[in-house]
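Biologist: Could you take one helix of this model, look at it closely, and then follow its contacts outward into the rest of the chain? I would like one connected account, with the numbers kept beside the residues they belong to.

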Amino acid sequence: MSVSTAAADKSVCAPLPVLGRDVTVPLVTGGEVAYAALDYAASAPALQRVWDDVAAYAPYYGSVHRGAGYLSQLSTDLFENARRTVAGFLDCRDGDQVVFTRSTTDSLNLLAAALPADCRVFVFETEHHASLLPWKNAQVTYLDAPRTPAEAVATLERALADREPHGPALVCVTGASNVTGELWPVRELAAAAHAHGARIVLDAAQLAPHHPVSVRDLDVDWVAFSGHKLYAPFGSGVLAGRADWLREAEPYLAGGGASRKVSRREDGGVDVEWHESAARHEAGSPNVIGAYAIASACKALTDAGFDSLVARERYLIEKVRAGLAEVPEVRVLSLFGDDAPRVGVISFVVDGWNSSHFAAALSAEYGIGVRDGLFCAHPLVRTLLGSDPQTQGECGAPEAAPGEKSLNAIRVSFGAGTPDEHVERFLAAVRELVRDGARWNYRTEDGRCVPDTSA
Ligand SMILES: Cc1ncc(COP(=O)(O)O)c(C=O)c1O
């Protein structure tokens, strides 16, 4: 595979400025090195512009939907404008609602709590636990891992065709896998869902930071994402989409802000009129800074232009995949195969290495932050590794000791703020570790490998 240089390829933009570019970290072998943040899929660094916007607003911070004062009014406007910005970013339909939540997990739990009675839910076993688990009160059909996008659509079609024809149904699907980075055929899955009278929610936690998401064009009913993966780590997330199920549901949280009118009844009880707008599910004091930060990130990514962001990321993906392909001991995990379109999320295992040991050495000896484990997608990683589910540790807590066979994987992930140098350093470190081994001793502590500094 030949890889062009970013400088030679005019369509590849420079990385966007993010916080933490100048942070140095200590190495266990001595000295300090600039930190290479290659765990964007867990949490991406804040965009400098988001940080600047939040800092500029901070002195004007005030309560939302509450005070009569100037700053309260200003903050309320900012919060409601953030909703409109997000609706624009997602290309929502007229009448769609944008609810600010804490995260993707929170958004999907909110939707799960808003399902109509007797709703059936269809979800692939390959999903992140945030998409796999919230449907506790519904009858859930877990679909087997497909090996091609076409098989995913066919599997869903079959499952939907088998269900009782009437009654509500929801399909929940990821846009981009947090393990393989591979894109799922969302538009086709949405068409299949709708053809069978079901609705669909898109888990865009890994898609929205890397690709434009159009609710209208993909024809999904809802979309969920997290601010902290979209360069806006201030504790907010989004659930956007159809208003009807949300309007008809009990409020997600009961309390002020969600209620329009509360009165005592003759019999001593309380009557409540709940809002029908997004506020219905936003009880309590809203996280105005979180919402504002998300809106700022949406604007920053739009202004930077997804075409050039996607081109730059594709260039980095090729570079990393080509570099890893040169190391015979490395096996990259994939569901849909080498040619599948993907975002900058790549998981792999290294022959003869415990993944936790490898990731610990990347951090301690090279100052490179990746993730190891099962990535909160246990069934998918087990399918990809072909390992026995009984022997796995908890998410991020592998059971194998240093040097034992890998039961989990290593994930490198990057995005709009990643400079070439970080992925080059990562590839050089992988080559060196595989060739020469770790230079330090490691021990297992609480199920993780850590440098042994006791000597
Ligand atoms: C695909 C996917 N969905 C959902 C989530 C959950 O996101 P959060 O932890 O922000 O709720 C993640 C987090 O890694 C994810 O990768």
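Modeller: His378, Leu380, Val381, Arg382, Leu384 and Leu385 are the buried residues of helix H12, and in this predicted model they make up 6 of the 8 residues of the helix, which runs over residues 378-385 and is mostly covered. An α-helix has 3.6 residues a turn, so residues three or four places apart point the same way. The buried residues of H12 pack against helix H4 (129-132), strand E13 (330-332), strand E14 and strand E16 (371-373). After H12 comes Gly386, with a positive phi near 65 degrees.

Of these packing partners, E14 offers a way onward. Strand E14 spans residues 345-350, and Val345 belongs to it. Val345 has a relative accessible area of 1% and therefore counts as buried, the limit being under 20%. Leaving out residues up to four places away in sequence, Val345 touches Ala41, a run made of Ser177, Asn178, Val179, Thr180 and Gly181, then Gln206, and finally Arg411, Val412 and Ser413. One of those contacts bridges a long stretch of chain, for Val345 and Ser177 are 168 residues apart in sequence while their C-alpha atoms are 8.0 Å apart in space.

Gln206, which Val345 touches, leads to the ligand, since an N or O atom of the Gln206 side chain is 2.6 Å from a ligand oxygen atom. Lys229 places a polar side-chain atom at 2.6 Å from an oxygen atom of the ligand, and for Thr105 the corresponding distance is 2.5 Å. The protein covers 89% of the 390 Å² of accessible area that the ligand has on its own. Around the ligand there are 14 residues, of which Thr105, Asp203, Ser226, His228 and Lys229 come nearest; by class, the shell holds 9 polar, 3 nonpolar and 2 charged residues.

From the ligand I turn to the nonpolar interior. In soluble globular proteins, nonpolar side chains tend to be buried together. The largest nonpolar core here has 85 residues, and Val86, Leu90, Leu156, Leu202, Phe225, Val238 and Leu301 are the members that touch the most others. Helix H9 (residues 288-304) supplies the largest share of this core, 10 residues. Leu202, setting aside neighbours within four places in sequence, is in contact with Val173, Thr174, Gly175 and Val186, with Leu207, Val213, Leu218 and Val220, and with Trp222, Val223 and Ala224. A second core, separate from this one, has 35 residues, among them Ala36, Leu316, Ala359 and Leu433.

Helix H9 also holds a polar residue, Ser296. Its relative accessibility of 4% is the reason why Ser296 counts as buried, under the 20% limit. The side chain of Ser296 makes a polar contact of 2.7 Å with the side chain of Asp53, and, beyond four places in sequence, Ser296 touches Arg49, Val50 and Asp53.

Ala36, a member of the second core, is also among the contacts of His422, which, apart from neighbours within four places, are Tyr35, Ala36, Ala37 and Leu38. His422 lies in helix H13 (residues 420-436). With a relative accessible area of 12%, His422 is buried.

Ala37, another contact of His422, gives a sense of the distances in the model, since the C-alpha atoms of Ala37 and Asp96 are separated by 36 Å although the two residues are 59 apart along the chain. Asp96 is found in the loop between helix H2 and strand E4 and is buried, at a relative accessible area of 17%. The Asp96 side chain reaches the backbone nitrogen of Arg93 at 2.9 Å, while its contacts beyond four places in sequence are Val215, Gly241 and Arg242.

The loop between H2 (70-89) and E4 (97-101) also contains Asp91, which is partly exposed, with a relative accessible area of 28%. Most residues other than glycine have a negative phi. Asp91, however, has a positive phi of about 55 degrees, and Tyr231 likewise has a positive phi, near 65 degrees. Tyr231 sits in the loop between strand E9 (222-226) and strand E10 (237-241), and at 0% relative accessibility it counts as buried.

Terms used: Residues are numbered from 1 along each chain as its sequence is written. This is a predicted model: local features need pLDDT of at least 70, side-chain atom pairs count only at pLDDT 80 or more; totals for chains, interfaces and linings use all residues. Side-chain values use heavy atoms; hydrogens and water are left out. A residue is near a molecule or strand if one of its heavy atoms lies within 4 Å of it. A polar contact is a pair of N or O atoms within 3.5 Å; within protein, one must be able to donate a hydrogen and the other to accept it, and residues adjacent in sequence count only if both atoms are side-chain atoms. Accessible areas come from the Shrake-Rupley method with a 1.4 Å probe; for residues, only the protein chains shown count as cover. Ala, Val, Leu, Ile, Met, Phe, Trp, Tyr, Cys and Pro count as nonpolar, Asp, Glu, Lys and Arg as charged, and the others, Gly among them, as polar. A nonpolar core is a set of buried Ala, Val, Leu, Ile, Met, Phe, Trp, Tyr and Cys residues joined through side-chain atoms within 4.5 Å. Buried means under 20% relative accessible area, exposed over 50%, partly exposed in between (1.4 Å probe, protein chains only). Helices (H or I, at least four residues) and strands (E, at least two) are DSSP runs, numbered from the N terminus. Contact means heavy atoms within 4.5 Å.
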